[in-house]
Amino acid sequence: MSKSGVSVTPDCVSSYNELKLGKGTIKYIIYKLSDDYKEIVVEEKSGDADYEVFRDKLVNAKSTYRGKESKGPRYAVYDFEYELASGEGKRNKITFIAWSPDDAAVFPKMTYASSKEALKNALNGLAAEVQANRDDEIEFETILKDVSRGKR
């Protein structure tokens, strides 16, 4: 359970384990808070390797609070694959992304921020973490540069 009282559903962990052990069948998972803000649930999981499709889903996510819809924060796990600069082959890093757009409503942003650790702690084996608040912070090359150097 998180500081905010939000719990992580078992499907969040089983989907993550499927990504981690599935050898490419799942490329990413997007998590969200349930409509009542009491649980973290899987919003979508996909094997689509097109990063722009994934990014667009984050950028266009919506949250509703007290009947008002606004841009919505999300958590995501993405299996980044990249070539080593030395030419020694490919590497994968399962990366946790906390997406909280600057122009999202305050309550959802606060609830997501105070619930993040509960989800991260439930997902064993994450290689990197990215906190993104602006669209340019979730560009493929921006994240990949940091993930491949181990900076985030």
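# Aromatic pairs, strand β2 and charged side chains

Tyr75 and Tyr112 are both buried. The model in which they sit is a predicted one. A search of the whole structure finds 14 aromatic pairs. One of them joins Tyr51 and Phe80, whose ring centres are 5.7 Å apart and whose planes meet at 45°, so the pair is tilted. Tyr51 belongs to helix α2 (residues 51-59) and Phe80 to strand β6 (residues 74-83), so that this pair links distant parts of the chain, 29 residues apart. Tyr51 is buried, at a relative accessible area of 6%, and Phe80 is buried as well, at 0%.

The rings of Tyr75 and Tyr112 form another pair: with centres 5.0 Å apart and planes at 45°, the pair is tilted. Tyr75 lies in strand β6 and Tyr112 in helix α3 (residues 106-122), so the two rings tie together parts that are 37 residues apart in sequence. Beyond such pairs, one aromatic cluster is formed by Tyr28, Tyr51, Phe54, Tyr78, Phe80 and Phe140.

Two members of that cluster, Tyr28 and Tyr78, also face each other in the sheet, since Tyr78 in β6 is the bridge partner of Tyr28. This leads to strand β2. Of the 6 residues of β2, 5 are buried, which leaves the strand mostly covered. β2 is joined to β6 by 4 bridges, and the two strands run antiparallel. To strand β3 (residues 39-46) β2 is joined by 6 bridges, again in an antiparallel arrangement. Ile30 stands opposite Glu44 of β3. The hairpin of β2 and β3 has 5 residues between the strands, and in this hairpin Tyr37 takes a positive phi near 60°.

Just ahead of β2 comes a charged residue, Lys27, in the loop between α1 (10-21) and β2 (28-33). Which side chain of opposite charge is nearest to the buried Lys27, and how far away is it? It is Glu81, at 4.7 Å. A salt bridge requires a nitrogen-oxygen distance within 4 Å. Lys27 has no salt bridge, although it is buried. Its side chain does reach the backbone oxygen of Asp79, at 2.7 Å. Apart from neighbours within four places in sequence, the contacts of Lys27 include Leu19, Ser46, Gly47, Asp48 and Ala49, and also Val77, Tyr78, Asp79 and Glu81.

Glu81 has a polar contact with another lysine: its side chain and that of Lys90 are joined at 3.1 Å. Lys90 is found in strand β7 (residues 90-99) and counts as partly exposed, at 49% relative accessibility. Leaving out residues up to four places away in sequence, Lys90 touches Glu81, Tyr82 and Glu83. Glu139, which is 49 residues from Lys90 along the chain, has its C-alpha atom 20 Å from that of Lys90.

The count of salt bridges comes to 12. One of them is formed by Lys57 and Glu44, with the closest N and O atoms 3.4 Å apart. Lys57 lies in helix α2 and Glu44 in strand β3, so this pair ties together parts that are 13 residues apart in sequence. Lys57 is partly exposed at 33% relative accessibility, and Glu44 is partly exposed at 26%.

Helix α2 takes part in a further salt bridge through Arg55, whose side chain meets that of Glu139 at 3.1 Å, N to O. Glu139 sits in the loop between β8 (128-132) and α4 (140-149) while Arg55 is in helix α2, so the pair ties together parts that are 84 residues apart in sequence. Glu139 is partly exposed, with a relative accessible area of 31%, whereas Arg55 is buried, with 9%.

The side chains of Lys71 and Asp103 also meet in a salt bridge, at 3.6 Å from N to O. Lys71 lies in strand β5 (residues 68-71) and Asp103 in the loop between β7 and α3, so the pair ties together parts that are 32 residues apart in sequence. Lys71 is partly exposed, with a relative accessible area of 25%. Elsewhere, salt bridges link Lys116, Glu117, Lys120 and Glu129 in a network.

Notes: Residues are numbered from 1 along each chain as its sequence is written. This is a predicted model: local features need pLDDT of at least 70, side-chain atom pairs count only at pLDDT 80 or more; totals for chains, interfaces and linings use all residues. Side-chain values use heavy atoms; hydrogens and water are left out. Buried means under 20% relative accessible area, exposed over 50%, partly exposed in between (1.4 Å probe, protein chains only). Lys and Arg count as positive and Asp and Glu as negative; His and the chain ends are not counted. A polar contact is a pair of N or O atoms within 3.5 Å; within protein, one must be able to donate a hydrogen and the other to accept it, and residues adjacent in sequence count only if both atoms are side-chain atoms. Contact means heavy atoms within 4.5 Å. Rings of Phe, Tyr and Trp (its six-membered ring) pair if their centres lie within 6.5 Å; planes under 30 degrees apart count as stacked, over 60 as edge-to-face and the rest as tilted. Two strands pair if DSSP finds at least two bridges between them.
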